[in-house]
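Open the model in your viewer and keep the sequence panel beside it. This tour tells you what to select at each stop and what you will find there.

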Amino acid sequence: MAGEVKSRLLARVEGDVLEIGAGTGANFTYLTQGVRWTGCDPNPGGWRYCERAAAAAGIDAEWRTAGAEQLPFDAGRFDAVVSTLTLCSVRSPEAALREVLRVLKPGGTFVFLEHVAADPDSPLHRRQRRWAPVFGALAGCRPHQDTARLIEAAGFSSVDVERLALPLPVVSPHAAGRALK
């Protein structure tokens, strides 16, 4: 199901694209030919995997080792910024979203698929809070963070959020969508 959501979201991404939290290049199969992809991740080891995945997908790719909170790019450089399951693990999602807005061109698009906090009164939310220290220690992840609310409050001109229930325990529900600068 996550693949279907990514396919729908990323099929419309064009031009100069920045992916924050690029990891190992899991999203190349969903991008269209002709995009100029730049990956940014604090782990330099991901590039060797991204390089192979980009070549296999026929995507022009480059890499920068950096965190999303301080992107090493000029303002207004990218047509689109992509984030999939990233904002839960950055030190400051608010700073990362400010950087996304800074590097997007006017009219640019932020495309996201993120897990979000469950309803505060739900048993799942209690599990998210209980497991948060473990997820934080292992992956830097905050499963109880309301990432969709952070995106909506970041200052985009419009935000379209779709709430999803992907079958992943603790790191569920999810929010997917597009935000315009």
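The stops below run from the whole chain to its cores, a strand pair, a tryptophan, the salt bridges and the cysteines.

**Stop 1: the whole chain**

Keep in mind that this is a predicted model. Show the protein chain as a cartoon. Its secondary structure comes to 5 helices and 7 strands. Trace the elements from the N terminus: they run α-β-β-α-β-β-α-β-α-α-β-β.

Now switch on the surface. The protein chain exposes about 8600 Å². Carbon and sulfur atoms supply 53% of that area. Of the 181 residues, 47% count as buried.

How far along the chain do contacts reach? Among contacts between residues at least 6 apart in sequence, 68% join residues at least 24 apart.

**Stop 2: the largest nonpolar core**

Select Leu-18, Ile-20, Val-81, Leu-87, Phe-110 and Phe-156, and show side chains. These residues have the most contacts inside the largest nonpolar core, which has 23 residues. Next, color the elements that give two or more residues to this core: strand E1 (16-20), strand E4 (78-84), helix H3 (93-103), strand E5 (104-115) and helix H5 (147-152). Which element gives the largest share of this core? H3 does, with 5 residues.

Center on Phe-156. Leaving out residues up to four places away in sequence, Phe-156 touches Leu-97, Val-100, Leu-101, Leu-104 and Phe-110, and also Ile-151, Ala-179, Leu-180 and Lys-181.

Apart from this core lies another, of 20 residues. To find it, select Val-5, Leu-31, Cys-50 and Ile-59, which are among its members.

**Stop 3: strands E6 and E7**

Select residues 158-164, which are strand E6. Add residues 174-180, which are strand E7. E6 and E7 pair in the antiparallel sense over 7 bridges. For one rung, pick Asp-160: its bridge partner in E7 is Arg-178.

Why is E7 described as largely enclosed by the rest of the structure? Because 6 of its 7 residues are buried.

**Stop 4: Trp-47**

Move to helix H2, residues 46-57, and pick Trp-47 within it. Is Trp-47 buried or partly exposed? Its relative accessible area is 23%, so Trp-47 is partly exposed; the cut-off for buried is under 20%.

Show what surrounds this side chain. Trp-47 touches Trp-37, Ala-61, Glu-62 and Trp-63, not counting residues up to four places away in sequence. Then draw a C-alpha to C-alpha distance from Trp-47 to Thr-24. The two are 23 residues apart in sequence and 6.9 Å apart in space.

**Stop 5: salt bridges**

Side chains of opposite charge can pair when their charged atoms come close. How many salt bridges does the structure hold? There are 6. Visit three of them.

- Select Asp-79 and Lys-105. Their side chains meet in a salt bridge, 3.2 Å from N to O. The pair links distant parts of the chain, with Asp-79 in strand E4 and Lys-105 in strand E5, 26 residues apart. Asp-79 is partly exposed, at 26% relative accessible area. Lys-105 also counts as partly exposed, at 26%.
- Select Glu-99 and Arg-102. The closest N and O atoms in this salt bridge are 2.8 Å apart. Both residues sit in helix H3; they are 3 residues apart, so about one helical turn separates them. Arg-102 is partly exposed, with a relative accessible area of 27%. Glu-99 is buried, at 12%.
- Select Glu-62 and Arg-64. This salt bridge has its closest N and O atoms 4.0 Å apart. Glu-62 is partly exposed at 32% relative accessible area, and Arg-64 is partly exposed at 31%.

Add Arg-77 to the last selection. Salt bridges that share partners join Glu-62, Arg-64 and Arg-77 into one network. Glu-62 is also one of the residues that Trp-47 touches.

**Stop 6: cysteines**

Finish with Cys-40 and Cys-50. Are they buried or exposed? Cys-40 counts as buried because its relative accessibility is 1%. Cys-50 counts as buried too, at 0%. Cys-50 is also a member of the 20-residue core.

A disulfide is a covalent bond between the sulfur atoms of two cysteines. How many disulfides are counted here? The count comes to 0, with a cut-off of 2.5 Å between sulfur atoms.

Terms used. Residues numbered from 1 in each chain as written. Predicted model: local features only at pLDDT ≥ 70, side-chain atom pairs only at ≥ 80, totals over all residues. Heavy atoms only, no water. Core = buried A, V, L, I, M, F, W, Y, C linked by side-chain atoms within 4.5 Å. Buried < 20%, exposed > 50% of the residue type's maximum accessible area, 1.4 Å probe, protein only. Helix = DSSP H or I, 4+ residues; strand = E, 2+ residues; numbered from the N terminus. Contact = heavy atoms within 4.5 Å. Areas by Shrake-Rupley, 256 points an atom, 1.4 Å probe, with all protein chains shown as cover. Pairing = 2+ DSSP bridges.
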